[in-house]
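Trainee: Got a minute to walk through this one with me? I'd like to get my bearings before going back to the bench.

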Amino acid sequence: MEGRRLRRYRRGHAHTLLPLRSSPPPPNKTLLCCYYDFKIYVFNDPLFRFGRKHATFLRLWFSIGVGFSLTALLLATLILLWHLFSGSKTLGSLGIFPSLSGLRTISLADAGLFVFSTLLSVSVHEFGHAVAAASSDGIKLEYIAVFIALLFPGALVALDYDLLQALPRFTALRIYCAGVWHNAVFCAVCGLILFLLPFILFPVYVHAESPLVLDVASSSPLYGVLSSGDVIVSLDGIHIHDEQDWRDMTALLGGKMLTNLSNSDYSKNFEAFGGRKGYCSPHSLFEEGMKIMCSYNQSTCSNELVAFESIDCYNSSKPKDMAGHDGLQNKVGSKTCLNAKEVVKLDKCGDGWIKATTNGTTCMCSQDESCLSPVQLPGLIWVEITYSRPYSSECLQLRRSSYSNLNNSDIVEQNCVGTFVFIGDVTSMVHTVQLTAYWPRWNSAFGAYLPKFLERCLICTFHVSLTLALLNSLPVYFLDGESILEVTLCDFTSLSPRRRKVLQICLFGGTSISILAFLRIFFFNFY
């Protein structure tokens, strides 16, 4: 990800605090095979002055970071060992490295967002090292370098190795732990901003009222039905507040579809699908419908009509021997063709609807009505989707009428809010519609995408910064964990004669385990 973020710069000659003569700085650019860096010197003095000016507070700040980083080193090592030797397939179950999932389908915009988040997180990391060094004993930076190793961007700060070696151990730990500490704090800041985002954007955005459609893929079954700027109000009469509700409802409906499909009897005629979803149809409407012939794996209706069949409708408030008018209620399996746009306006019946019924009944039909359920092929599902177009002229007029009490408000509302029926696979539906929980109070094409962009930036930056903090907490060669472990082992005087050997064993073991763990993550996500 980042390489060695804190470079302990060793000079080729004895170093004095005040050099007798100045030497020219090293070149600004380094170009090697698969590695390119650019050295920056302009920030050396400003960072040094900032660190010296606030030295008292910063020493306390980075002392807290030492305790956090040592704890993180222990926990990160234990988590890595647990992941490698347990049955866990991915660290994503703990919320670690979640951005690895879906990299096979990463887009150019996602790649740009990842690079931006990486550079931002690395900058926060290196800022911690630089300020900690300046606030400790006035150690100046040699330079700041931005590099690309293979395809991964990163940065580092170069400090004088001899001065670092001469520092007290706890002071050196403050410098080495500053990067991990700043990445952890940056994660907390991103999480806090993400939590407060609805309140921050409240003056110009409505949040969690209903999800706004940003885009509908051309391959989506809803393409041409929903469009950018539409708001999804409900699924099967259940109000949808945000993207999570949309995913949860479609998952629930998909589960009902699979249950129905697994329990279907292919040796009989098609059963009403969707767990007996029905509509209370007047007997007159049923009689006017055209009767159809239904055979195995085939049913037909002409003139864009939909096949419905009469189902048994149980009502605990009525005796079971009571039949509807003309006995139509008991003619279970009688089929007819009706206009679905008119049927969905009727009252619902049956036990296939997610919304719970009252009084222990699944039949709300009167004696003059029959409960009709749509006939669908196995593997498909019937879903009512109610939507609105808040920026259309009809909806804008409806908002004004709510204040002026116009008599034609009902007519305007019919043109503002619509309902259609989706018949198909809900999985293909949910993943091809891009939604956001925010919609602007004023119509703005760019404004509709801004909250979604901010959310993605915060989430991606949180993940990258968390990854950097964990990586640098591990006892791995060329990362901050190596220096932290080395200085920590110096405090154990009993290990002094064998300190170097113990350090090398820990680093070799930590590096080997980390490589194995990350290879396992890589192959799990890509193969």
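The chat below covers the nonpolar cores, a sheet and some helix packing.

Mentor: Happy to! Keep in mind that this is a predicted model.

Trainee: Sure. Which residues touch the most other members in the largest nonpolar core?

Mentor: That core has 26 residues, and Phe62, Ile139, Leu141, Leu159, Leu164 and Ile175 touch the most other members.

Trainee: And which elements give two or more residues to this core?

Mentor: Helices α2 (55–85), α3 (108–137), α5 (169–200) and α13 (480–490) do, along with strands β4 (141–149) and β5 (152–160). The most comes from α5, which gives seven residues.

Trainee: What lies apart from that core?

Mentor: Another core, this one of 21 residues. Val213, Ile232, Met429 and Val433 are among them. In soluble globular proteins, nonpolar side chains tend to be buried together.

Trainee: Switching to strands: what's the order in the five-stranded open sheet?

Mentor: Reading across, you get β13-β12-β15-β9-β14, with antiparallel pairing.

Trainee: Which ones are the edge strands?

Mentor: β13 (335–338) and β14 (348–349), each of which pairs on one side only.

Trainee: How many bridges are there between β9 and β14?

Mentor: Two, and β9 covers residues 278–282. If you want a spot to click on, Gly278 has Cys349 of β14 as its bridge partner.

Trainee: Nice. Now helices: at what angle do α1 and α3 pack?

Mentor: About 55 degrees, with the axes 7 Å apart; α1 spans residues 44–53. That angle makes α1 oblique to α3.

Trainee: Is that crossing left-handed or right-handed?

Mentor: Right-handed. From α1, the contact uses Leu47, Phe48, Phe50, Gly51 and Arg52. On the α3 side, the residues include Phe127, Ala130, Val131 and Ala134.

Trainee: What about α3 and α12, how do their axes cross?

Mentor: At roughly 50 degrees, coming within 9 Å, where α12 is residues 445–473. These two are therefore oblique to each other, and their crossing is right-handed.

Trainee: Which residues make the contact between α3 and α12?

Mentor: From α3, look for Asp110, Leu113, Phe114 and His125, among others. From α12, the list includes Arg456, Cys457, Cys460, Val464 and Leu468.

Trainee: So where does α3 turn up in all this?

Mentor: In three places we've discussed: α3 gives residues to the largest nonpolar core, packs with α1 and crosses α12.

How values were computed
Residues numbered from 1 in each chain as written. Predicted model: local features only at pLDDT ≥ 70, side-chain atom pairs only at ≥ 80, totals over all residues. Heavy atoms only, no water. Core = buried A, V, L, I, M, F, W, Y, C linked by side-chain atoms within 4.5 Å. Buried < 20%, exposed > 50% of the residue type's maximum accessible area, 1.4 Å probe, protein only. Helix = DSSP H or I, 4+ residues; strand = E, 2+ residues; numbered from the N terminus. Pairing = 2+ DSSP bridges. Axes fitted to C-alpha atoms, helices over the stretch in contact; angles between N-to-C directions. Parallel < 35°, antiparallel > 145°, perpendicular 65-115°, else oblique. Left-handed = near helix turned anticlockwise from the far one by under 90°. Contact = heavy atoms within 4.5 Å.
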